[in-house]
Amino acid sequence: MRKLFSEAITPEGLVSYASGLNYNNKFVLKSEISTGAGAVQEIVYKKIVDKGYDVELFYSPFDPENEIRHIVVPEAKLCILTSDFMSFIEEKDAELIDIDEYMEQKTFGADFLKSKLLIITLFQRAVKKISIAKKLHDDLEKCYIPCIDFQLMEQKRKEILNEIEQFAQ
């Protein structure tokens, strides 16, 4: 099992490479705010592993310890992808499963809309904070980079690598 990421929150906003995960057998779990998609992916992944397949799991940048966003089974040429506000997945040549259809909108109604708006607002705030941190980091680098001797660093790197290679022999 490999644990990977196909999306990242960057100073420029969300970057997603999920659309590049493309196999003959493609399923797309569609949801406006990925409600329930992670839980479905967790169940599916365990069943696939129980069948003896190796899997590649792509985790959410919001919850990288727990939420599976996409599953790829190279041996079976299978991918099960989540399509939502974070990563729109082309539904062409895919079996579409609309998770929101199975949600009881009457039960959640206004709460669902509030949750959606809150998630999007928090995401926008996160991008803004990361952007500010990136600018501060770049400003700090301007202070110390002129003082670094990169040639000496490269020389030391080669020396250390040489020592490691001699220990390995």
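Select F123. At 13% relative accessibility, F123 counts as buried, because the cut-off for buried is under 20%. Keep in mind that this is a predicted model.

Now color helix 2, residues 105-144, where F123 sits. Then move to F62, in the loop between strand 5 (56-59) and strand 6 (68-73). F62 is partly exposed, at 39% relative accessible area.

Show both side chains together. How are the planes of F62 and F123 set, stacked or edge-to-face? They are edge-to-face, with 70° between the planes. The ring centres lie 5.7 Å apart. Along the chain, F62 and F123 are 61 residues apart, so this pair links distant parts of the chain. The structure has one aromatic pair.

Zoom out and switch to cartoon. Look for three helices and eight strands. Trace them from the start: four strands come before a helix, four strands follow, and two helices end the pattern.

Next, turn the whole model. Its C-alpha atoms fill a box of roughly 65 × 45 × 25 Å along the principal axes. The radius of gyration is 22 Å, whereas a compact globule of 169 residues would have one near 15 Å.

Display contacts. Take those between residues at least 6 apart in sequence: 68% of them join residues at least 24 apart.

Turn on the surface. The protein exposes about 11800 Å², and carbon and sulfur atoms supply 57% of that area. Of the 169 residues, 28% count as buried.

Last stop: color by charge. There are 22 positive and 29 negative charges. The mean positions of the two sets are 3 Å apart.

How values were computed. Residues numbered from 1 in each chain as written. Predicted model: local features only at pLDDT ≥ 70, side-chain atom pairs only at ≥ 80, totals over all residues. Heavy atoms only, no water. Rg over C-alpha atoms; globule rule 2.2 N^0.38 Å. Buried < 20%, exposed > 50% of the residue type's maximum accessible area, 1.4 Å probe, protein only. Contact = heavy atoms within 4.5 Å. Areas by Shrake-Rupley, 256 points an atom, 1.4 Å probe, with all protein chains shown as cover. Lys, Arg positive; Asp, Glu negative; His and termini not counted. Charge placed at Lys NZ, Arg CZ, Asp CG, Glu CD. Phe/Tyr/Trp six-rings, centres within 6.5 Å; stacked < 30°, edge-to-face > 60°.
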